[in-house]
Amino acid sequence: MADHDFPPLKNDLFLRAARGEETERAPVWVMRQAGRYLPEFRKVREQHEFFKVCQTPELAKEVTLQPIRRYSGLVDAAIIFSDILVVPQALGMEVLMNPAPAFPDPLTTPDDIKKLKANVDVKKELGYVFDAITLTRKALNGEVPLIGFTGAPWTLFMYMVEGGGSKTMQKSKGWLFKWPKESKEVLDRITDVCIDYLVEQVRAGAQALQIFDSNAGDLAPHHFHEFSYPYLARIATTLRTRLTSLSLPQVPLILFAKGANHALAHLAITAGYDVLGIDWLVEPSLARSLVNGKVALQGNLEPNVLYGGREAIEREVKRMCDEFRVDGKTKGWIANLGHGITPGVDPEDLRFFFECVQKYSANPTKT
Ligand code: 1CP
């Protein structure tokens with residue numbers, strides 16, 4: 001698919017900010033914006049199992065569009081409804097969602113590596129995601145751009161070894177330290193699939209891509225540089241080469257290495273991404289100075305502020321908008337939460353968050 005196969009884009013604020021440009025106000029979207037805080041999403045889930053929604057392009061499209069319809073004119077990007085755990089599924093692992101992710105047969109020892117599929121054909125295993133992307137981009141009718149995504153190798157490795165989410169990450173970190181060579185073999189295998197997966201998402205119509213390294217901040221800085229960074233950098237570099245050689249568009253690449261704020265300066269210069277997502281544990285002004293204009297930034301409101309009532313939301317959004325300004329200008333910033341929205345948020349409070357971003361990020365020098 002090429003750009004001219006889709007309706008023309010009416011709102012390119014998100015794409016302009018991702019390229020680092022000055023914008024009339026900050027574009028805004030939120031991670032997990034299609035999710036359980038929305039009654040219309042819960043209704044779909046009452047009737048369909050989680051991965052069934054991901055695997056049925058019509059349902060994935062419907063759910064992706066729910067926040068876009070509800071917050072029409074207030075939200076500046078859509079993210080395709082899926083999950084990071086479809087990559088382990090493509091590698092041959094069984095993943096259940098009940099309601100948290102569960103792998104009945106995780107990677108226990110290096111001997112289990114042979115259970116992973118050797119040559120993953122992403123078109124065969126994940127074709128439903130590409131179909132959902134094409135269908136959704138058409139249905140969006142150019143209202144906002146569509147973001148595709150993948151989990152990052154270290155974060156996916158963590159799930160594949162732990163067999164689900166983990167606070168301590170003892171098993172996955174145990175692998176890194178006990179079997180570094182074999183761990184890197186698995187990380188490399190995941191990276192190969194991520195690259196193919198992202199290329200096909202662009203071919204299907206994704207207009208930007210986000211890599212979620214949600215567990216990046218759980219690694220010591222030197223372990224992050226050994227077990228996460230090289231794979232993130234390889235994804236960006238190889239993806240760009242592949243997109244060029246296939247005459248596909250060079251879409252903006254967003255890296256959300258949650259908690260790896262120690263690496264911001266290094267990531268900005270060397271990792272090959274256009275945008276770095278940041279969580280709320282780093283002040284925007286510090287993040288700004290660390291990346292020094294090399295990349296755009298995305299983030300970073302503490303998600304629990306959305307439970308704090310209107311006064312707190314307004315105060316905190318205003319503070320965030322002021323902190324992200326560069327020389328008094330709104331430039332190279334995509335407003336977002338510092339992590340995904342949680343199920344208990346009142347959808348009307350999220351609307352208020354969007355309204356506050358629009359109000360307080362208005363650029364005095366470009367209206
Ligand atoms: O029952 C349900 O409906 C389950 C809730 C849910 C939803 C709405 C899950 C299970 N995944 C999703 C969708 C999802 N997941 C999206 C859709 C697009 C959007 O943002 O609207 C995206 C981008 C993800 C990405 C994802 N899945 C991440 C990375 C982002 C993050 O929050 O850090 C991770 C870590 C996952 C794993 C996952 N999937 C679901 C849950 C509950 C979890 C986390 C579990 C854990 O704590 O380990």
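So, which residue just after H13 takes a positive phi? Hold that thought for a moment. One reminder before we go on: what you're looking at is a predicted model.

Okay, the answer: Asn292, with a phi of about 50°. Now let's look at the helix just before Asn292. H13 covers residues 284–291, and its buried residues are Pro284, Ala287, Arg288, Leu290 and Val291. And yes, there's an arginine in that list. If you look down the axis of H13, those buried residues sit within an arc of 165°, so they line one face of the helix. What do they pack against? Two helices and two strands: H12 (264–270) and H14 (309–324), plus S7 (275–277) and S8 (296–301).

S7 and S8 bring us to the sheet. There are 7 strands in it, the sheet is open, the pairing is parallel, and the order reads S1-S4-S5-S6-S7-S8-S9. At the edges you've got S1, which is just 78–79, and S9, at 333–337, and each of those pairs on one side only. Further in, S5 (residues 208–213) runs parallel to S6 (residues 253–257), with 5 bridges joining them. If you want one to find on screen, Asp213 has Ala257 in S6 as its bridge partner.

Last stop, the ligand. There are 23 residues around it, and the ones that come nearest are Ala34, Gly35, Gly165, Ser214 and Gly340. How does that shell divide into nonpolar, polar and charged? We get 13 nonpolar residues, 6 polar and 4 charged.

That's my tour, thanks everyone.

Methods:
Residues are numbered from 1 along each chain as its sequence is written. This is a predicted model: local features need pLDDT of at least 70, side-chain atom pairs count only at pLDDT 80 or more; totals for chains, interfaces and linings use all residues. A residue is near a molecule or strand if its C-beta atom, placed from the backbone, lies within 6 Å of it. Ala, Val, Leu, Ile, Met, Phe, Trp, Tyr, Cys and Pro count as nonpolar, Asp, Glu, Lys and Arg as charged, and the others, Gly among them, as polar. Two strands pair if DSSP finds at least two bridges between them. Helices (H or I, at least four residues) and strands (E, at least two) are DSSP runs, numbered from the N terminus. A residue is buried if 20 or more other C-beta atoms lie within 10 Å of its own, exposed if 12 or fewer, and partly exposed in between; C-beta atoms are placed from the backbone. The arc is that of the directions from the helix axis to the C-beta atoms. Two residues are in contact if their C-beta atoms, placed from the backbone, lie within 7 Å.
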